[in-house]
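Me: Please take a close look at the charged side chains here, and at how they pair with one another or remain at the surface. I am new to this structure, so a careful, connected account would help.

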There are 2 protein chains.
Amino acid sequence: MKFLVIGGDAAGMSAASKAKRLDPDIEVTVLEKTFDVSYSACGMPYNIADPDRSIDDLVVRDAKTFIEKNRINLLTGHEARKIDRENRTVEGFASDGETFAYGYDRLLIATGASARVLDIPGTDLDGVLVLKSLEDGRKIKSCIERKQVKKAVIAGMGYISLEMAEALHERSVHVQMVKPGKKLLPWMSRDLADVVNQELEAEGVTLYPGHAVKRIEKTGGNLTVVCEGLDLDADMVILAVGVAPNSRIASEAGLETGIGGAVAVDQFCRTSDENIYSAGDCADAFHVVTGEKCYIPLALRANRAGWAVADNVCGGRTALQGVAGTAVFKVFDLEVARTGLTTKEAADAGFDPVEETIRSSSRAHSYPGAHPVHVAMVGDRKTRRLLGVQMVGKEGVAHRINAPAVALHTHMTVDAFSQTDLAYAPPFGPTWDPMLTCANQLLKKLKD
Amino acid sequence: MKFLVIGGDAAGMSAASKAKRLDPDIEVTVLEKTFDVSYSACGMPYNIADPDRSIDDLVVRDAKTFIEKNRINLLTGHEARKIDRENRTVEGFASDGETFAYGYDRLLIATGASARVLDIPGTDLDGVLVLKSLEDGRKIKSCIERKQVKKAVIAGMGYISLEMAEALHERSVHVQMVKPGKKLLPWMSRDLADVVNQELEAEGVTLYPGHAVKRIEKTGGNLTVVCEGLDLDADMVILAVGVAPNSRIASEAGLETGIGGAVAVDQFCRTSDENIYSAGDCADAFHVVTGEKCYIPLALRANRAGWAVADNVCGGRTALQGVAGTAVFKVFDLEVARTGLTTKEAADAGFDPVEETIRSSSRAHSYPGAHPVHVAMVGDRKTRRLLGVQMVGKEGVAHRINAPAVALHTHMTVDAFSQTDLAYAPPFGPTWDPMLTCANQLLKKLKD
């Protein structure tokens with residue numbers, strides 16, 4: 001049995017390794033176009049923040065280990081270009097310019113996602129960078145040092161942008177952020193987004209929402225980011241305006257793609273060709289709240305899907321439940337978390353969403369040092385189902401979000417969630433956990 | 001409508017206040033035997049740790065506010081002694097020695113629990129104290145100062161004992177702990193209990209498990225705790241050997257009592273007399289995992305049950321789901337948490353428990369400053385249900401436990417839990433949350 005994998009990061013290497021564990025006789029080949037495999041992309045902002053650490057610290061397991069210990073035929077510098085489904089072959093170019101062709105019985109497309117690049121003049125200038133691959137991280141670190149960067153502009157204000165703002169601030173770089181939309185974290189309840197806004201401003205990060213970037217110009221030794229009604233001066237510009245699935249090789253092979261252009265897969269991570277799987281940031285997933293397809297490329301799903309593919313390639317029948325859209329990030333002293341649907345997403349999915357927002361506390365009143373914990377909760381008026389939760393606070397947010405995440409997997413009502421037996425001790429929260437307080441308040445609105 | 005409440009702490013005052021909110025015309029009388037109402041008992045160890053704070057800081061709302069603002073007829077210093085169910089009257093003694101009798105249409109027994117006192121000589125000596133009421137807290141604080149306590153013995157090694165060990169350590173008191181059983185935290189997975197043991201030892205707390213206390217003697221200005229095969233010297237002795245429900249007034253009135261001697265209640269918090277409710281640390285509850293009665297007196301349940309009683313007294317029909325046995329405590333730098341059943345409890349309840357213990361990390365390998373997170377998970381071999389989880393670690397434990405707590409409410413399988421979409425970012429954990437890693441490992445054992 002020949003198992004061929006395109007892409008050597010989270011999903012690809014998880015699948016390759018697990019397949020060899022399940023069946024040592026399976027022939028596993030991985031085609032990776034870069035020379036980096038199995039690294040923690042999510043760790044890049046924190047690594048960039050620290051001048052004393054090498055970006056290579058993010059490598060979880062190096063190519064040599066995969067080849068020698070796991071007996072995987074791992075080919076770095078091999079870029080797959082075409083899937084020939086009829087002959088079950090993948091063709092491409094190696095870094096030495098030679099073409100290659102590998103046959104498969106089962107194929108996994110784990111090509112990941114790429115940073116979106118703004119279609120504007122100047123994105124190719126020296127000092128204009130994106131952050132997705134380990135190589136991107138290397139370039140940013142080297143740019144900071146080489147150009148002695150003091151001022152940076154980040155285009156985009158999503159998770160990665162905010163993590164990068166903190167990372168650059170750690171490197172004593174003044175950060176200005178710009179994006180076309182008028183709202184910071186538009187998916188978030190306004191009360192909560194305001195807390196994030198205040199934190200960023202308190203740390204000296206300047207936000208310019210509502211200004212689309214028109215072009216980037218070189219002015220002397222510096223860069224000017226020319227926006228609508230605004231010019232921003234910078235030594236370095238980071239474009240972090242989201243990611244897009246690398247699904248072209250799949251769509252050109254006639255495989256179905258769906259939401260956001262991602263490769264469409266079923267619960268078994270199978271594409272529209274039963275011999276071809278897809279997993280990781282290039283593939284879509286079912287959302288456990290809506291039951292519909294979604295594109296939420298995150299690390300846990302990539303690893304989990306890689307394992308599921310290995311199971312299924314090796315004769316198992318592992319189905320994935322789907323994603324709840326659970327995510328957390330740290331921005332300076334704040335923890336920001338979400339799970340499930342926002343009010344807008346809920347309305348778009350046909351629910352009748354009702355939202356409540358409360359401010360509680362990270363510790364009991366009897367325990368010193370408390371910080372506010374802000375919770376927003378969305379429920380459905382008709383079915384009373386819990387649809388989503390968002391939280392912001394300086395402590396006790398990141399792991400709290402997992403409780404409603406589990407609730408979403410079971411289609412729990414707000415009523416049932418409000419009755420759950422959550423942990424209490426004075427150092428960790430009030431007797432009524434902030435999420436329970438929010439649920440209790442939301443119940444009143446649902447009764448109206 | 002006359003609503004009479006015996007007991008003015010969490011359950012009693014929650015019920016009284018909510019009843020007045022729901023129906024301003026209801027006549028609410030509360031009989032409280034002490035002069036303290038509505039205080040945070042759980043906050044006492046932390047208050048005792050701080051010589052500059054008054055124990056009265058733990059009062060959430062004082063009697064005057066309840067009387068004047070909430071228009072509750074709150075009678076402190078009123079000890080109820082007898083319930084006359086035929087005439088719907090409660091009789092007792094006020095602190096001035098006068099007898100009283102109050103009639104009711106609906107009665108709530110919210111008498112709480114008392115600290116168990118060892119049936120040994122010497123428990124009445126000066127400096128031998130328990131910790132349950134606010135008055136007990138006052139006595140401990142005053143004893144520490146008056147006797148300039150340098151050495152204390154704590155009999156018992158449960159949550160409260162461990163919190164008190166930390167509190168006294170903060171006051172520069174050397175703490176020795178003793179109990180008859182041979183195991184620290186016997187309900188806990190051994191690997192996890194060992195971590196707690198090491199933490200206590202590292203902080204200079206000396207543990208003597210396996211030694212029953214036989215008597216306490218006065219020797220000169222000091223106390224000697226005479227144990228089996230061991231004499232311990234102390235300026236102060238704290239007996240923290242558990243609590244027992246204050247259910248005598250209920251049982252003497254012929255109401256059913258059950259597990260641990262607690263007042264037996266149904267899902268509506270109703271006793272065997274349909275006009276009498278019971279809530280808080282004196283009452284039992286259904287366990288969501290077993291569906292059977294249990295006695296787990298904790299603060300959230302007391303507050304929740306108080307509210308439910310108010311709803312039901314005011315014509316509603318609020319049922320409580322039951323408890324999952326979720327609890328958390330801090331001991332020095334460790335967070336210790338549990339939810340659901342231990343392996344032994346699961347076996348006793350008729351399950352076929354399988355346990356797995358893992359050690360993971362509180363942060364991703366790419367993020368500095370990680371601490372170990374230890375997880376123990378119990379599943380049922382036959383049904384594959386998740387039955388319980390325990391965790392210990394220096395960070396990220398207290399709120400993590402809420403995810404499996406929610407899972408227990410829905411009778412989720414380990415398989416389903418292992419597929420839940422939990423939050424990931426490098427500052428807060430590895431890609432596979434420690435609980436997912438434990439679930440994945442447990443699944444392998446369940447397949448055997």
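**Charged side chains, paired and unpaired**

Reply: D284(A) counts as buried because its relative accessibility is 3%, where buried means under 20% relative accessible area, exposed over 50% and partly exposed in between (1.4 Å probe, protein chains only). This is a predicted model, in which local features need pLDDT of at least 70 and side-chain atom pairs count only at pLDDT 80 or more, while totals for chains, interfaces and linings use all residues. Residues are numbered from 1 along each chain as its sequence is written, chains are lettered from A and ligands numbered from 1 in the order in which they are written, and side-chain values use heavy atoms, with hydrogens and water left out.

The partner of D284(A) is K293(A), and the closest N and O atoms of this salt bridge are 3.0 Å apart (a side-chain nitrogen of Lys or Arg within 4 Å of a carboxyl oxygen of Asp or Glu). K293(A) itself is partly exposed, since its relative accessibility is 27%. Over all chains, the structure holds 50 salt bridges, and in chain A a network of them links D36(A), D56(A), E135(A) and R138(A).

In chain B, D36(B) and R138(B) form a salt bridge with an N to O distance of 3.0 Å. This contact joins distant parts of the chain, 102 residues apart, because D36(B) lies in the loop between β2 (27-32) and α2 (44-48), whereas R138(B) belongs to helix α4 (residues 134-146) (helices, H or I, of at least four residues and strands, E, of at least two are DSSP runs, numbered from the N terminus). D36(B) is buried at 11% relative accessible area, while R138(B) is partly exposed at 24%.

Another salt bridge in chain B brings R171(B) and E145(B) together at 3.1 Å, N to O. Here too distant parts of the chain are linked, with R171(B) in the loop between α5 (159-170) and β11 (174-179), E145(B) in helix α4, and their positions 26 residues apart. The arginine, R171(B), is buried with a relative accessible area of 14%, and E145(B) is partly exposed with 41%.

Turning to the surface, K444(A), K447(A), R21(B), R61(B) and K69(B) form a positive patch (residues with over 30% relative accessible area and no salt bridge, like charges being joined within 9 Å). One of its members, K69(B), sits in the loop between α3 (63-68) and β3 (73-76) of chain B, and K69(B) is exposed because its relative accessible area is 65%.

Methods: Patches are made of residues with over 30% relative accessible area and no salt bridge: like charges are joined within 9 Å, nonpolar side chains (Val, Leu, Ile, Met, Phe, Trp, Tyr) within 5 Å. Accessible areas come from the Shrake-Rupley method with a 1.4 Å probe; for residues, only the protein chains shown count as cover. Lys and Arg count as positive and Asp and Glu as negative; His and the chain ends are not counted. The place of a charge is taken as NZ of Lys, CZ of Arg, CG of Asp or CD of Glu.
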